[in-house]
There are 6 protein chains.
Amino acid sequence: MSEFTHFNAEGKARMVDISEKHETARTAHAASSVIVSKEVYEKMTKGEVKKGDVLSVAQVAGIMGAKKTADIIPMCHPLSLTGVDLSFHWEERDDEYELHIESFVKTKGSTGVEMEALTAASVCALTIYDMCKAIDKGIIIGPTYLMEKTGGKNGDYKRLKA
Amino acid sequence: MSEFTHFNAEGKARMVDISEKHETARTAHAASSVIVSKEVYEKMTKGEVKKGDVLSVAQVAGIMGAKKTADIIPMCHPLSLTGVDLSFHWEERDDEYELHIESFVKTKGSTGVEMEALTAASVCALTIYDMCKAIDKGIIIGPTYLMEKTGGKNGDYKRLKA
Amino acid sequence: MSEFTHFNAEGKARMVDISEKHETARTAHAASSVIVSKEVYEKMTKGEVKKGDVLSVAQVAGIMGAKKTADIIPMCHPLSLTGVDLSFHWEERDDEYELHIESFVKTKGSTGVEMEALTAASVCALTIYDMCKAIDKGIIIGPTYLMEKTGGKNGDYKRLKA
Amino acid sequence: MSEFTHFNAEGKARMVDISEKHETARTAHAASSVIVSKEVYEKMTKGEVKKGDVLSVAQVAGIMGAKKTADIIPMCHPLSLTGVDLSFHWEERDDEYELHIESFVKTKGSTGVEMEALTAASVCALTIYDMCKAIDKGIIIGPTYLMEKTGGKNGDYKRLKA
Amino acid sequence: MSEFTHFNAEGKARMVDISEKHETARTAHAASSVIVSKEVYEKMTKGEVKKGDVLSVAQVAGIMGAKKTADIIPMCHPLSLTGVDLSFHWEERDDEYELHIESFVKTKGSTGVEMEALTAASVCALTIYDMCKAIDKGIIIGPTYLMEKTGGKNGDYKRLKA
Amino acid sequence: MSEFTHFNAEGKARMVDISEKHETARTAHAASSVIVSKEVYEKMTKGEVKKGDVLSVAQVAGIMGAKKTADIIPMCHPLSLTGVDLSFHWEERDDEYELHIESFVKTKGSTGVEMEALTAASVCALTIYDMCKAIDKGIIIGPTYLMEKTGGKNGDYKRLKA
């Protein structure tokens, strides 16, 4: 007797086959943010956070995070990234301060780098939380999303509004 | 001649010394979410996503992500987690569907597991994005924040409102 | 005086040079199994295992394991896998139940993916053991072997009998 | 409207909570094997395998594999291993040669090291396959199972027959 | 017939059993350095290195490297580090500039953190090389050694001269 | 109000964009060493070190270390190495013994493998320290540097003297 456990093509997790896809230049650009109190904002911008210079550490963490994407996200294909960068800018609203994080990732490969860009931005935001949580555990990591991607058969993508 | 590059206690990144802190039971509970279109919601809940059963994979990813926290977040102390769990629930608003993700992490250690709970929730959300991005690249990972923590000298923390 | 510690080409471990090999499409297909008692079989197939849905978790573990192969097996070359899948089927014999595991791995590279397929199948089997060991520590991971490989200068391989 | 995706305690994967379990000395002892042809046996024992001294490399791989267990097996708790060892012995049967692998792992912790011992033995066997596959892809990794464990509330376990 | 491959206690690699050792506070302090040309020194100290602020990145790399020690060094025991720090100072000699790196690591465990301190210093030096190699590939990583360790049954160690 | 945190091209860490660089065959050759006392030399060469055969383990560690380079060195690009090898030779001077370590790494990629060769040599040296530190904590890891590299637009490099 042999009983076959049926997992149809829809119900089963797998790393999708990209063997037939062409290697092309691909980029992705994602965004996240960290919303902090005035106290955290002032300590961050004055370099008075106990664990060290927050943005330097977060930038390194985000870049290393991009390289770990296929290790963290189960169905992601491993890719040889050819470039990773991050940028930051502060926005003030009343008594709330939002640090915007943008990530930029490039590769030459058979699939896109959207997940690498999103992971870089998320890890960067998590690192900022870590370094400031001794001051305020109420910090919120803001929405995280894809801004733009280029390359690949399915064409480019650009978010209309953030 | 010797020139000392000065990094004062504020300006330098370091893994803060917790040698003198006592080992106590600690928990943390964090939240994130994923905001999807009706099409993604229907495919997710009907199990029609091409890469497989989304929430099963995301749950595994989140738990494994919690264990990778000290490898991903530069200044985090390595901790032996004693329990990790995740839960999901859907909220519908007009034509938008938000999948709420909650993570629960426990340890017996000299520092808290806030970062492990936040990392579990973030990795879970990123995995959902990965598995659904072929349907819609516009999916947004919602705000990510600490809900509650217990244990440790500094006392408990509970967010007043989400 | 200089004393040369001699390691000849036979006696020394190295990552063999594949620089001159061509990149071609390559596949590998491996098998393993888990032999369980009637009690474990019934709990697994009814979803009553305390740690969760066993095969979903094992499938994710196997796919992630394939990606970790070059990190686990010392002399393996790192490869960018282009596809990984696993399938399961149950075989009943008297009062013994064997869950057959098959793995399928693809790449476009200068060396084969036999180790990735074997590692996927092994990690999948180990994960099933882990999730069921609270019920029965006597579970046996069955023989693990290569079923087939294609691509590469040395030609294809197909096992005559399992 | 809020629709709760129900995952009951049976159906959901989680890292089981061991916070209340006591730290005790724990050991585990597992076995695996590799079944090779006469040609592979002779090259292995004469040190003529192209990739290097097979058993030295396999021993290192197995020990490092034990340390990676919680990274490879999704629901495993991270543990600080206090000792890992492996031993080998050859058995000849007709024209078939079986290299028996035994692993021994120790910790002082809140859960057992069965998975670490099984992972050490599996990784050791996979490494032997890798180093000999240029000679013969038909090598079979034999059954892998727990021999014995000690420590913990549930008492000791000893396999009656291999 | 059964042929036992003999590996005696001296000839075989293993992770030494530390189960009987007591958990005590332990520290280690190691040193390395990087010897650079005047051009590299000036670009480093003026922040004109193309890849970014060299010492910030090297500090993060060294701290993360300390946490990876048991993953990199085969026979090292995994340890929960309780603190890691690094410091730098420049020494000028004629037209050569030496950046001294010192690492400080703490734990409460059953074995020492000498390897973690040495790994932190080495990874820090390698990172500096990486970030400056576009200017000068001739940079030399200077001697790397243990300065001091405290804790453990075998007593403290202090290097008499560097 | 929006305040832009300015990180100019010089002050910010990033993974440099190599998307436009051509894939070519590349090699790198680096050196390190370990300087030991007569006692350590004699135990190493007689195989009497308690943790096992030092050079076998160090060789495996160095090769695995080369594969981990992009995970350890923050701004390094991930590369698919096509070959890694290490060699050792002893030099005796008075009552001091220096074990010279040389590493050789190859790839076909868009950037060089200098860091992989340096990391292989460093990890190899650190592993030797680890395995001999029970005999003598005063062992010194000697200077570590690039010997030669070939391939890439910027041409070859060869160190004039060690």
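This dialogue explains how several features of a predicted model may be read.

Q: What conventions apply to the numbering and to the model?
A: Residues are numbered from 1 along each chain as its sequence is written, while chains are lettered from A and ligands numbered from 1 in the order in which they are written. The model is predicted, so local features need pLDDT of at least 70, side-chain atom pairs count only at pLDDT 80 or more, and totals for chains, interfaces and linings use all residues; side-chain values use heavy atoms, with hydrogens and water left out.

Q: By what turn and shift can chain E be laid on chain F?
A: Two copies of a chain are related by a rotation about an axis and a shift along it. Here a turn of 180° with a shift of 0.0 Å along the axis lays chain E on chain F at an RMSD of 0.0 Å (copies are superposed by least squares on the C-alpha atoms of residues with pLDDT of at least 70 in both). This is the relation of a two-fold axis. In chain E, the C-alpha nearest the axis belongs to P143(E), 2.5 Å from it. The same surface serves both copies, since 100% of the contact residues of chain E recur in chain F, where contact means heavy atoms within 4.5 Å.

Q: How many salt bridges are there over all chains?
A: Side chains of opposite charge can pair when their charged atoms come close. The rule requires a side-chain nitrogen of Lys or Arg within 4 Å of a carboxyl oxygen of Asp or Glu, and the count comes to 60 salt bridges over all chains.

Q: Where does the salt bridge of E39(A) and K43(A) lie, and how far apart are the two residues in the helix?
A: Their side chains meet at 3.7 Å, N to O. E39(A) and K43(A) are four residues apart in helix α1 (residues 38-45) of chain A, and are therefore separated by about one helical turn. Helices (H or I, at least four residues) and strands (E, at least two) are DSSP runs, numbered from the N terminus. E39(A) is partly exposed, with a relative accessible area of 42%, and K43(A) is partly exposed at 28%. The cut-offs are under 20% relative accessible area for buried, over 50% for exposed, and partly exposed in between (1.4 Å probe, protein chains only).

Q: Is E98(D), a partner in another salt bridge, buried or exposed?
A: E98(D) counts as buried, at 9% relative accessibility. Its partner R93(D) is partly exposed, with a relative accessible area of 29%. The two side chains meet in a salt bridge of 2.5 Å, N to O.

Q: Which elements hold K106(D) and D17(E)?
A: K106(D) forms a salt bridge with D17(E), the closest N and O atoms being 2.5 Å apart. K106(D) lies in strand β4 (residues 96-109) of chain D and D17(E) in the loop between β1 (2-3) and β2 (24-36) of chain E, so the pair joins two chains. K106(D) is partly exposed at 31% relative accessible area, and D17(E) is partly exposed at 39%. In addition, K68(A), D71(B), K68(E) and D71(F) are linked in a network of salt bridges.

Q: What area is buried between chain A and chain B?
A: The size of an interface is often given as the accessible area lost when the parts come together. Buried area is that loss (1.4 Å probe), summed over both parts. Between chain A and chain B about 3,900 Å² is buried, of which carbon and sulfur atoms give 65%. The contact takes 48 residues from chain A and 48 residues from chain B. Four salt bridges are found across this interface. K137(B) also forms a salt bridge with E114(A), with the closest N and O atoms 3.4 Å apart.

Q: Where does D130(A) lie?
A: D130(A) lies in helix α4 (residues 114-132) of chain A and is buried, with a relative accessible area of 2%. UniProt lists D130(A) for "active site" in an unreviewed entry; such annotations may be inferred rather than shown by experiment, feature names are shortened, and positions are given in the numbering used here. Leaving aside neighbours within four places in sequence, D130(A) is in contact with K51(A), I73(B), M75(B), C76(B) and M115(B).

Q: What phi does D94(E) have?
A: Most residues other than glycine have a negative phi. D94(E), however, has a positive phi of about 50°. D94(E) is found in the loop between β3 (81-93) and β4 (96-109) of chain E and is exposed, with a relative accessible area of 74%.

Conventions:
Buried area = accessible area lost by both parts, 1.4 Å probe.
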